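Hi,

Here is the structure I promised to hand over. Please open it next to this email; my notes on what I found follow below.

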Amino acid sequence: MAEDAAAPHVLLICYPGQGHINPMLRLAKRLATKGLLVTCSSSSIVRDKLAAASGVSAGGAGVPVGRGRLRFDFLDDPFEGTELDLHDFLHHLETAGPPALAALLRRQAEAGRPVACVVGNPFLPWATDVAADAGVPAAVLWVQSCAVFSIYYHFAHGLVKFPREGDDARLAIPGLPALSTADVPSFLHASHPYKVLGDTVQGQLRNMARASWVLVNSFAELERDVLAALPGVTPRPPRLIPVGPLVELVGPGQDGGGEAVRGDLIKAAEECVAWLDAQAPRSVVYASVGSIVMLPAEAVAEMAHGLAAAGRPFLWVVRPDTRPLLPEGFILGGRGMVVPWSPQDRVLAHPAVACFLTHCGWNSTLETVAAGVPVVAFPQWGDQCTDAKFLVDELQMGVHLRAPLRREGVREAVDAVVAGPEADAMRDNARAWSAAARAAVMPGGSSDLHVQAFVDEVSRRAR
Ligand code: UDP
């Protein structure tokens, strides 16, 4: 198409998980808004889910977003096994992914849309190699915090030692507060049970130095100290370019008209927004543990009873895989709503929401920061532990909810955030961070300027 041929074409590719798809799609919208043709890609394993839950259709010219266009195209990488066997799936991606990406790049060129830049994902370090082989510049989108990047970098280069659980020592990493073992991403603990994930996480830095840009889902004002400290670390890490927070900016026209394009893998229960409309301002507890965390049955029961005992309306995301764990006979009594998946951006932006009981995945963390909603931080593993520390101790916009989960603990934590002596201060802090987050992505904000500089450079190299 004529318009496609005129605009530089950027291909974004991510690991096929919700926490990777969302920031990729949101970056894609920002790039399209600024005039690029953008293709989002991932393993074919998510093609059907995205089609069913979000109406995403692959191929074609895509939809207009701002001055550019947004489209989807998936790798041709049929996978016979089960996604739940992460070891097999990651091996599949490593072997089937590179030729499939090379073929995708060829297909784009043949269709008159040569790719000017590949934006990869740290879980797919091979994407940078495929781009280099095709003579295409590569970027990486880091989808965790700069703090977590710095921690992994320090561990990978032997600059700090692996903590042993129960060890009282505090880790000193420049630009970060002193970290206890509980604050460090759990994959670095010698005893963590997710070896495959731990190896993948460690492998994220593998190819990063080969990328021309390392874009980061964060913003300069939020992580100023760690961003200032990183260039002084030896050997020198790649320069991190904050382009976030990559959140949906709720409000017509704010995402260049791309609001309608969603990347949910489970269909969002839109009706919960009407339910929120019927609730009093700042009354509702919103609870979710994201797309991967599986709570044991006992914890699900304690959460159910704790939310009910908190005496406030609540909106609770219980994914279909967790639904069978709800306690038998658990009755909401009109006070609560349980949904399999929510349009979380719209929920957090809703004036009825008083607090977010969150597992502290980095996307959820940034989304609650951007929305100015205080938190009950309930991390389970991985970088969630570091994000929780950050939300509670650094940004001071919530409280911790510690394991083992007990119903009284849920009730007390919700009370503390919504009505306790510190509640007003937490809300004020959350509001201030929300203003800073929005300023960063508005025209002329720090992240907006970084996105513009990236677009300019890609366009210049494409000429
Ligand atoms: N999310 C959503 N609806 C839900 C639960 C989660 O839209 O009911 C989105 C959420 O807004 C976030 C992503 O799913 O963008 C989850 O990513 P995160 O990094 O928070 O956690 P993960 O799922 O990777 O553990």
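Ala228 sits in helix H8, which covers residues 224-229. Is Ala228 buried or exposed? Ala228 counts as exposed, because just 12 C-beta neighbours fall inside 10 Å, and 12 or fewer is the cut-off for that class. Along the sequence, Ala228 and Gly175 are 53 residues apart; in space, their C-alpha atoms are 7.2 Å apart. Bear in mind throughout that this is a predicted model.

After H8 comes a loop that leads to strand S8 (240-242), and Pro235 is in that loop. The peptide bond from Thr234 to Pro235 is cis, with omega near -5 degrees. There is also a cis bond from Ala403 to Pro404, again with omega near -5 degrees. Pro404 belongs to the loop between S14 and helix H14 (407-418).

Now the ligand. Its shell has 17 residues, and the closest are Gly19, Gly290, Ser291, Gly361 and Ser364. By type, the shell holds 4 nonpolar, 11 polar and 2 charged residues. Helix H2 (18-33) and helix H12 (362-371) each supply at least two of the shell residues. Which helix gives the largest share? That is H12, with 4 residues.

Cys360 lies in the loop between strand S12 (353-358) and H12. Cys360 is not a glycine, yet it has a positive phi of about 70 degrees. Cys360 is buried because 30 other C-beta atoms lie within 10 Å. Arg282 is another non-glycine with a positive phi, here about 50 degrees. Look for Arg282 in the loop between helix H9 (271-277) and strand S9 (284-288). With 15 C-beta neighbours inside 10 Å, Arg282 counts as partly exposed.

On to the core. In soluble globular proteins, nonpolar side chains tend to be buried together. Here the largest nonpolar core has 145 residues, and Leu12, Val285, Cys355 and Val376 touch the most other members. Helix H6 (residues 146-156) gives the most to this core, 8 residues. Leaving out residues up to four places away in sequence, Leu12 touches Met24, Leu27, Ala28, Val38, Cys40, Ser41 and Val119.

H6 comes up again at helix H13, since it is among the elements that cover the buried residues there, along with H12, strand S13 (375-377) and strand S14 (398-400). How many of the 11 residues of H13 (384-394) are buried? The count is 9, and the helix is mostly covered. Among the buried ones are Cys385, Asp387, Lys389, Phe390 and Leu391. Just after H13, Gln396 takes a positive phi of about 55 degrees.

One helix pair is worth a look. H4 (residues 86-110) and H5 (residues 126-133) pack at about 30 degrees, with axes 9 Å apart. The crossing of H4 past H5 is right-handed. From H4 come Glu94, Gly97, Pro98, Leu101 and Ala102; they meet Trp126, Ala127, Asp129, Val130 and Asp133 of H5. This contact divides into 6 nonpolar, 1 polar and 3 charged residues.

Last, Ile45. You will find Ile45 in the loop between strand S2 (37-41) and helix H3 (47-54). Ile45 is partly exposed because 18 other C-beta atoms lie within 10 Å. Beyond its neighbours within four places in sequence, Ile45 is in contact with Pro16, Phe79 and Glu83. Thr82 is 37 residues from Ile45 along the chain, and their C-alpha atoms are separated by 9.9 Å.

Best wishes

Terms used:
Residues numbered from 1 in each chain as written. Predicted model: local features only at pLDDT ≥ 70, side-chain atom pairs only at ≥ 80, totals over all residues. Near = placed C-beta within 6 Å. Nonpolar A, V, L, I, M, F, W, Y, C, P; charged D, E, K, R; others polar. Core = buried A, V, L, I, M, F, W, Y, C linked by C-beta atoms within 7 Å. Buried ≥ 20, exposed ≤ 12 C-beta atoms within 10 Å, placed from the backbone. Contact = placed C-beta atoms within 7 Å. Axes fitted to C-alpha atoms, helices over the stretch in contact; angles between N-to-C directions. Left-handed = near helix turned anticlockwise from the far one by under 90°.
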